[in-house]
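The following note is meant to be read beside the sequence and the structure. Its points are numbered and may be checked one at a time.

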Protein chains: 2
Amino acid sequence: MNGDEAEQQNMRVAELVSGIREGQPRALAKAITQAESTRADHQGCARRVLDALLPDTGQAIRVGITGVPGVGKSTFIEVLGLHLLALGHRVAVLAVDPSSSLGGGAILGDKTRMELLARAPGAYIRPSPTSGALGGVAAHTREAMLLCEAAGYDVILVETVGVGQSETAVAGMTDSFVLLQLPNAGDDLQAIKKGVVELADLIVYNKADLDPLASEVAAGQMKSALTLLRPVSQHWRPPVLQVCATRGDGVAPFWATILAHHKAMQDSGELVRKRRRQALDWMWGLIDGSLRARFEQHARVRAALPIQVAAVLAGTVSPTTAAAALLDAMSAPEMPLQ
Amino acid sequence: MNGDEAEQQNMRVAELVSGIREGQPRALAKAITQAESTRADHQGCARRVLDALLPDTGQAIRVGITGVPGVGKSTFIEVLGLHLLALGHRVAVLAVDPSSSLGGGAILGDKTRMELLARAPGAYIRPSPTSGALGGVAAHTREAMLLCEAAGYDVILVETVGVGQSETAVAGMTDSFVLLQLPNAGDDLQAIKKGVVELADLIVYNKADLDPLASEVAAGQMKSALTLLRPVSQHWRPPVLQVCATRGDGVAPFWATILAHHKAMQDSGELVRKRRRQALDWMWGLIDGSLRARFEQHARVRAALPIQVAAVLAGTVSPTTAAAALLDAMSAPEMPLQ
């Protein structure tokens, strides 16, 4: 970067910082786009913006929401968002969806899914970054979250569709993690992946109106399952709620429960500890991801990797030897490949 | 390594390989010790031994066993081991216990805990490696497992006390993962960590004789919890058993269930897929661990790390910026530190 370019970047950073502080949606959107860019200068700019705004972050309530397709996440989030706007909150809706890079099925890709909320003043909806592995997608959503907080959004809702490890990523960036369930247990059980229930601070049965009895039974079973499976926290015991998002039933009690969870964590000091741990985990995740990417991009590693993987799968080379050979390939002094 | 040293290592490798093939416990113990050594030449020797013996591995049934302290793991494993010896099996008992490096509470550290089994011909008991982070401990246990298989042990029992992520590590190296539970739900719930139940292929209530009714109730609740929480596998549904290890009650049905699980996985092709995935995960785990270790040992990273971590925790620098600064520190061209 020469002097002129540096000067230009300084101006761009200053402009974005003040624009976001003033709550300009365009400045916010632009900063998030820079963070999601693959260009180093854009990323550098986004980092400087974020660092300048860091003191303005941290005041929001961060809520993660997951559930299988069809559970009604969009409707629930829209109704919840409108409820929060009516209470005077400013609401940002973000997403972690690694599948969106594959095209099709992207959550929040289409703002018309939450048309009312998208048009409401005081709400900001940002689709999932559309490229990159989960680590990158989740990192960008974290950056977007902090930028939204600096722009004055005091409730952040992070949606995930639950592909692979995305629930863990979202639980790792939010204060409260919510699992949306369907009451007709037959269908959705297949989609409940290992460990997701145990990440949840709150479990919500949506579409409770379709079959109130089934919903009651499912919620009751879940309650006793949680008693059995979860460590009994001193500060919080995950409640099971029933809502009907399309009618708006149960949305106010839901938000009251989120606030109760937030207060319990704040009073016990758990919130501060959790956010600190999340920040460090985020840093190490970026470092590990970058170390792995450099490794995989190394010319000799790229040449040797398919051979070693095939040998491990065939059982002719142990994983220990394969790992050592690949690490040696990277560390060996550079020589022109014959 | 000069010519003489290379010659000596060749001889040592050949000796260990043939000794292990003949089932000599001393050769087996020596190879495992070499694998656990921090010396590069010992590790290199162990890798060569393992690679030579790789075709002789894979025939054993690998069972992971976890449970909170006091659940009776040692007694259960000893009684199970003796039962298996009586059936004509050769049994190796290994452990993953990162806490053993901290001194105190080491599982299998004291062979007198399984005195009968330790003295029985046909059984081999190896304590957990006593140093290193979980990744290293688990990797050494994997190596020990393969070496035991090459030495003719056809049942491998891997015990873990459940510190941190050790259950995930053990579930990631075994065919069947067993959770031992106590029937008096009041006490032990605290100790069941998130996600462990959902790793289990089989759940066993031990000490069922202490309070048969409570055990019956706890097992029933767990059964319905599993129905609700687990994905319904086409090939396996985790059963819930009750045993009394001190009396030997239920041990034969337990083993029959393990065999049924093994057969279901073998028939469906899941066993082959699972073991391949485990081998690749192992390889990548070693690579990631080594990349991280090199990073943390880098002089400039070591100098900068405490500062960046403190800044992230204080909220003055974003995790993104801290990660970038540390990665830059490692990549910058070497310069003498002032």
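1. The expected span of a helix is 1.5 Å times one less than its number of residues. The model under review is predicted, and helix H4 of chain B, residues 73–86, offers a case for this rule. Helix H4 of chain B has 14 residues, and the distance from its first C-alpha to its last is 20 Å, close to the 20 Å expected.

2. Which residues of H4(B) are buried? They are B:Lys73, B:Ser74, B:Phe76, B:Ile77, B:Glu78, B:Leu80, B:Gly81, B:Leu84 and B:Leu85. For the reading of such a list, it helps to recall that an α-helix has 3.6 residues a turn, so residues three or four places apart point the same way. Just after H4(B), B:Gly88 adopts a positive phi of about 100°.

3. A positive phi also occurs in a residue other than glycine: A:Lys207 has a phi near 55°. A:Lys207 belongs to the loop between strand S6 (202–205) and helix H9 (212–229) of chain A. Is A:Lys207 buried or partly exposed? A:Lys207 counts as partly exposed because its relative accessibility is 28%, and the class of partly exposed residues lies between 20% and 50%.

4. In chain B, the phi of B:Lys207 is likewise positive, near 55°. B:Lys207 lies in the loop between strand S6 (202–205) and helix H9 (212–229) of chain B. With a relative accessible area of 27%, B:Lys207 is partly exposed.

5. How are the two chains related? Chain B is superposed on chain A by a rotation of 180° with 0.0 Å of shift along its axis, at an RMSD of 0.1 Å. That is the relation of a two-fold axis. The same surface serves both copies, since 100% of the contact residues of chain B recur in chain A.

6. Within chain A, the domain assignment gives domain 1 (1–55) and domain 2 (57–268). Contact between them involves 16 residues of domain 1 and 14 residues of domain 2 of chain A. The area buried between these two domains of chain A is about 1400 Å², and carbon and sulfur atoms give 65% of that area.

7. Confidence should be considered last. The predictor gives the complex an ipTM of 0.85 and a pTM of 0.84. Chain A has a mean pLDDT of 86, with 86% of its residues at 70 or more. Over residues 101–106 of chain A, however, pLDDT stays under 50, and the model has eight contacts beyond four places in sequence for them. Where pLDDT is low, the predicted coordinates should not be read in detail.

Conventions
Residues are numbered from 1 along each chain as its sequence is written. Chains are lettered from A and ligands numbered from 1 in the order in which they are written. This is a predicted model: local features need pLDDT of at least 70, side-chain atom pairs count only at pLDDT 80 or more; totals for chains, interfaces and linings use all residues. Side-chain values use heavy atoms; hydrogens and water are left out. Helices (H or I, at least four residues) and strands (E, at least two) are DSSP runs, numbered from the N terminus. Buried means under 20% relative accessible area, exposed over 50%, partly exposed in between (1.4 Å probe, protein chains only). Copies are superposed by least squares on the C-alpha atoms of residues with pLDDT of at least 70 in both. Contact means heavy atoms within 4.5 Å. pLDDT is the predictor's confidence in each residue, from 0 to 100. Domain bounds come from an automatic or database domain assignment. Buried area is the accessible area (1.4 Å probe) that two parts lose on being put together, summed over both.
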